[in-house]
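Reader: Hey, I just opened this one and I'm new to it. Could you walk me through what I'm looking at?

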Amino acid sequence: MMKNLFRTIACIFFLAIGNAQAEVVISDAWVRANAPGQSVGAAYMTLKSPQDSNLFHVESPAAGSVEIHSMSVTNGVMKMRALETLPLQAGKPEKLAPGGFHLMLFDLKKPLKAGEQATFTLSFKDKTGKITHQDVVLPIQEAN
Ligand SMILES: [Cu+2]
């Protein structure tokens, strides 16, 4: 009897943890290598969340601050804008890529060199307000 109860509790606990680990799938992630003299950087990736969510904060030990940016071209003028949050629809890949959404790195701690790596912590908030953090290690590479 007691044993069964423990099993049930263990199972519920396991499921609860399993649920919390319904992570955002991060693919095609990379950091653009700096050109000499560049003081800012950019990182790109595709985010696919299993549920509706928002990317609302990004940190990296490689940079003093990281902002979520959108990019658009209006009448031939390129404009970047900092976003409070990047909404993610359940199951729909959101692409951060050159010419569009990107992560902008300010106050770099050292130059972003091709062949090295940079770690990022992404913070997501779902509809219920629950916050999860995910660490990713991105390769630094030249734009191709
Ligand atoms: Cu930007």
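Reader: Quick one to start: is K110 buried or exposed?

Author: K110 is exposed, with a relative accessible area of 54%. Keep in mind that this is a predicted model.

Reader: Which residue does K110 meet in a salt bridge?

Author: That's E116: the two side chains meet at 3.8 Å, N to O. E116 counts as partly exposed, because its relative accessibility is 31% and the range for that class runs from 20% to 50%.

Reader: How many salt bridges are there?

Author: The count comes to three. One of them joins D107 and K109, at 3.7 Å from N to O. K109 is exposed, at 53% relative accessible area.

Reader: Which residue pairs with K127?

Author: K127 forms a salt bridge with D52, and their closest N and O atoms are 3.9 Å apart. This pair links distant parts of the chain, 75 residues apart: K127 sits in the loop between strand 9 and strand 10, and D52 in the loop between strand 2 and strand 3. K127 counts as exposed at 72% relative accessibility, while D52 is partly exposed at 31%.

Reader: OK, stepping back. How many helices and strands does the protein have?

Author: One helix and ten strands. Going from the N terminus, the helix comes up front and the strands follow, in the order α-β-β-β-β-β-β-β-β-β-β. Of the 144 residues, 31% count as buried.

Reader: Let's talk metal. Which residues coordinate the copper ion?

Author: H69 through ND1, M80 through SD, H102 through NE2 and M104 through SD, at 2.1 to 2.3 Å. Along the sequence these donor residues are spaced H-x10-M-x21-H-x1-M. The two methionines tie distant parts of the chain together: M80 is in strand 5 and M104 in strand 8, 24 residues apart.

Reader: Why is the arrangement around the copper ion tetrahedral?

Author: The four donor atoms subtend angles of 90 to 118°. The label applies because all of those angles lie between 85 and 135 degrees.

Reader: And M104, buried or exposed?

Author: Buried: its relative accessibility is 9%, and the cut-off is under 20%. M80, on the other hand, is partly exposed, with a relative accessible area of 39%.

Reader: Which residues form a nonpolar patch with M80?

Author: V73 and M78. Together with M80 they have about 310 Å² of accessible area on the surface. V73 lies in strand 4 and counts as exposed, at 59% relative accessibility.

Reader: How do strand 4 and strand 5 pair?

Author: In the antiparallel sense, over seven bridges. H69, one of the copper donors, has A82 in strand 5 as its bridge partner. The two strands form a hairpin with two residues between them, and N75 in that turn has a positive phi of about 50°.

Reader: Which other residues have a positive phi?

Author: D107 is one, with a phi of about 55° although it is not a glycine. D107 is in strand 8, and it's the residue whose side chain meets K109 in a salt bridge. D28 also has a positive phi, near 45°, and isn't a glycine either. D28 is found in strand 1 and counts as exposed, at 58% relative accessibility.

Reader: Strand 8 keeps coming up. Why is it largely enclosed by the rest of the structure?

Author: Five of its seven residues, which run from 102 to 108, are buried, so the rest of the structure largely encloses strand 8. L108 is in strand 8 and is buried, with 18% relative accessible area. The C-alpha atoms of L108 and V66 are 9.7 Å apart, although 42 residues separate the two along the chain.

Reader: What does strand 8 pair with over six bridges?

Author: Strand 4, in the antiparallel sense. In that pairing I68 stands opposite L103. Strand 2 is joined to strand 8 as well, by three bridges, and these two also run antiparallel. There, A43 has L103 as its bridge partner.

Reader: Cool, so L103 shows up in both pairings?

Author: Yep: L103 stands opposite I68 and is the bridge partner of A43.

Definitions and conventions
Residues numbered from 1 in each chain as written. Predicted model: local features only at pLDDT ≥ 70, side-chain atom pairs only at ≥ 80, totals over all residues. Heavy atoms only, no water. Buried < 20%, exposed > 50% of the residue type's maximum accessible area, 1.4 Å probe, protein only. Helix = DSSP H or I, 4+ residues; strand = E, 2+ residues; numbered from the N terminus. Pairing = 2+ DSSP bridges. Donors = N, O, S within 2.8 Å, 3.2 Å for Na, K, Ca; no water. Tetrahedral: all angles 85-135°; square planar, octahedral: opposite > 155°, others 65-115°. Patch = residues over 30% accessible without salt bridge, like charges linked within 9 Å, V, L, I, M, F, W, Y side chains within 5 Å. Areas by Shrake-Rupley, 256 points an atom, 1.4 Å probe, with all protein chains shown as cover. Salt bridge = Lys/Arg side-chain N within 4 Å of Asp/Glu carboxyl O.
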